[in-house]
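Grab your viewer and work through a few exercises on packing and burial. Each one comes with a solution, taken step by step.

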Amino acid sequence: MEIRTDLYLGDCREILENLPDESVDLIFTSPPYADQRKQTYGGFHPDDYVAWFLPISFQLMRVLKPTGTFVLNIKEKVLNGERSTYVMELILEMRKQQGWLWTEEFIWHKKNCYPGKWPNRFRDSWERLIQFNKRKQFYMNQDAVMVPMGDWSRTRLKNLSETDKMRDESKVGSGFGKNISNWLQRDMAYPTNVLHLATECNNKNHSAAFPEGLPEWFIKLFTKEGDTVLDPFMGSGTTNAVAKRMKRNSIGIEIMTEYYEMVKNELKPSELYLLEQQKGYDTN
Ligand SMILES: C[S@@+](CC[C@H](N)C(=O)[O-])C[C@H]1O[C@@H](n2cnc3c(N)ncnc32)[C@H](O)[C@@H]1O
């Protein structure tokens with residue numbers, strides 16, 4: 001199976017328009033945050049963020065397969081002593097205007113966050129990964145991300161009463177049974193929605209690069225070999241590098257020539273893609 005890595009230089013608002021309908025299994029991306037990192041790659045006032053992002057999420061919905069997933073890594077910053085609300089507004093508008101389902105929210109806990117002191121808050125050591133889907137039945141390989149049960153079964157479970165062990169918390173209305181007795185003899189358990197990963201910026205030539213473990217976990221969970229992963233804000237190409245290593249096709253879009261060239265040199269776009277570029281298929 002030939003794995004494609006298609007890289008585009010340009011504004012994803014335009015490039016996305018040329019991607020075919022329902023051709024992507026997972027969109028995994030971290031866009032520029034509002035009013036952040038102005039010096040490095042632009043930025044928006046929080047009040048303009050939703051209007052800027054909605055045409056992009058419209059295209060993302062079009063290119064995503066009905067069984068696909070969109071994971072958006074974003075965190076509202078503090079401006080004038082208050083948390084911005086643009087992420088919440090974006091979620092509401094994506095639901096209302098475009099019909100996205102807000103299916104889950106994961107937390108990336110940055111294990112190696114630098115120490116610091118602020119007058120009215122503590123250091124920020126987590127970011128959101130907001131999961132959107134087109135419909136409630138989407139592809140999800142939960143077994144691919146199981147974790148060792150650890151000491152939990154020996155320590156905490158040992159102290160539970162027989163009644164507690166038999167408790168089925170599906171009664172609380174979540175729809176998912178978790179009768180604890182089912183897990184007593186197991187070595188592996190399903191993970192939580194909190195991911196503990198260190199940032200790895202120092203290893204990359206980009207100020208906001210993902211740690212590889214982040215896209216890796218979501219690619220494992222939401223795709224299989226031969227599927228297609230899209231990162232419309234590619235940066236240093238972490239999503240694409242990991243996708244390639246995991247035998248997934250990938251598409252990356254980056255507006256800054258410097259990053260685009262860096263990723264192109266590192267990842268060597270697929271021959272098929274280069275051929276199409278020669279034929280004038282490419283939009284650059
Ligand atoms: C937060 S960074 C992504 C970092 C990436 N996840 C990585 O691991 O390196 C966002 C990237 O989006 C790029 N960008 C900003 N606006 C863009 C646009 N309209 N189209 C495509 N890329 C854009 C920026 O240049 C920046 O490299």
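Buried means under 20% relative accessible area, exposed means over 50%, and partly exposed covers what lies in between. Keep in mind that this is a predicted model.

**Exercise 1. Find asparagine 141 and decide: is it buried, exposed or partly exposed?**

Step 1: locate it. Asparagine 141 sits in the loop that links strand 7 and strand 8 (147-148).

Step 2: apply the cut-offs. Its relative accessible area comes to 28%, and partly exposed is the class between 20% and 50%, so asparagine 141 is partly exposed.

Step 3: look at who it touches. Skipping neighbours within four places in sequence, asparagine 141 has contacts with Lys220 and Leu221.

Step 4: check a pair that is far apart in sequence. From C-alpha to C-alpha, asparagine 141 and phenylalanine 218 are 9.9 Å apart, with their positions 77 residues apart in sequence.

**Exercise 2. Work out which residues of helix 6 are buried, and how helix 6 packs with helix 7.**

Step 1: list the buried residues. In helix 6 they are Leu214, Pro215, Trp217, Phe218, Ile219, Leu221 and Phe222.

Step 2: draw the conclusion. Helix 6 spans residues 213-222, and seven of its 10 residues are buried, so the rest of the structure largely encloses it.

Step 3: get the geometry. Helix 6 packs with helix 7 (residues 238-245) at about 50°, and the axes are 9 Å apart. That makes the two helices oblique to each other, and helix 6 passes helix 7 in a right-handed crossing.

Step 4: name the contact residues. Helix 6 brings Pro215, Glu216 and Ile219, while helix 7 brings Thr238, Thr239, Val242, Ala243 and Arg245. Sorted by class, that's four nonpolar, two polar and two charged residues.

**Exercise 3. Say how many residues of helix 7 are buried, and what covers them.**

Step 1: count. Six of the eight residues in helix 7 are buried, so to speak "mostly covered"; they are Thr238, Thr239, Asn240, Ala241, Val242 and Ala243.

Step 2: find the cover. It includes strand 1 (5-9), strand 2, helix 6, strand 11 (228-231), strand 12 and helix 8 (257-267).

Step 3: look just past the end. Right after helix 7, lysine 247 has a positive phi of about 60°.

**Exercise 4. Identify the largest nonpolar core and the element that gives the most to it.**

Step 1: size it up. The largest nonpolar core has 34 residues, and Phe53, Phe70 and Leu230 have the most contacts inside it.

Step 2: trace the contributors. Elements giving two or more residues include helix 1 (12-15), strand 2 (24-29), strand 3 (64-74) and helix 4 (86-98). Helix 3 gives the most, with nine residues.

Step 3: zoom in on phenylalanine 70. Beyond its neighbours within four places in sequence, its contacts include Ile27, Phe53, Leu60, Met94, Trp100 and Ile130.

Step 4: don't miss the other one. A second, separate core has 19 residues, among them Leu214, Trp217, Ile219 and Met246.

**Exercise 5. Describe how helix 3 and helix 4 pack.**

Step 1: angle and distance. The angle is about 40° and the axes of helix 3 and helix 4 are 10 Å apart. The pair is therefore oblique.

Step 2: handedness. Helix 3 passes helix 4 in a right-handed crossing.

Step 3: the contact. Participants include Tyr49, Phe53 and Phe58 of helix 3, and Tyr86, Leu90 and Met94 of helix 4. The classes split into 10 nonpolar, three polar and two charged residues.

Technical notes
Residues numbered from 1 in each chain as written. Predicted model: local features only at pLDDT ≥ 70, side-chain atom pairs only at ≥ 80, totals over all residues. Heavy atoms only, no water. Core = buried A, V, L, I, M, F, W, Y, C linked by side-chain atoms within 4.5 Å. Buried < 20%, exposed > 50% of the residue type's maximum accessible area, 1.4 Å probe, protein only. Helix = DSSP H or I, 4+ residues; strand = E, 2+ residues; numbered from the N terminus. Contact = heavy atoms within 4.5 Å. Axes fitted to C-alpha atoms, helices over the stretch in contact; angles between N-to-C directions. Parallel < 35°, antiparallel > 145°, perpendicular 65-115°, else oblique. Left-handed = near helix turned anticlockwise from the far one by under 90°. Nonpolar A, V, L, I, M, F, W, Y, C, P; charged D, E, K, R; others polar.
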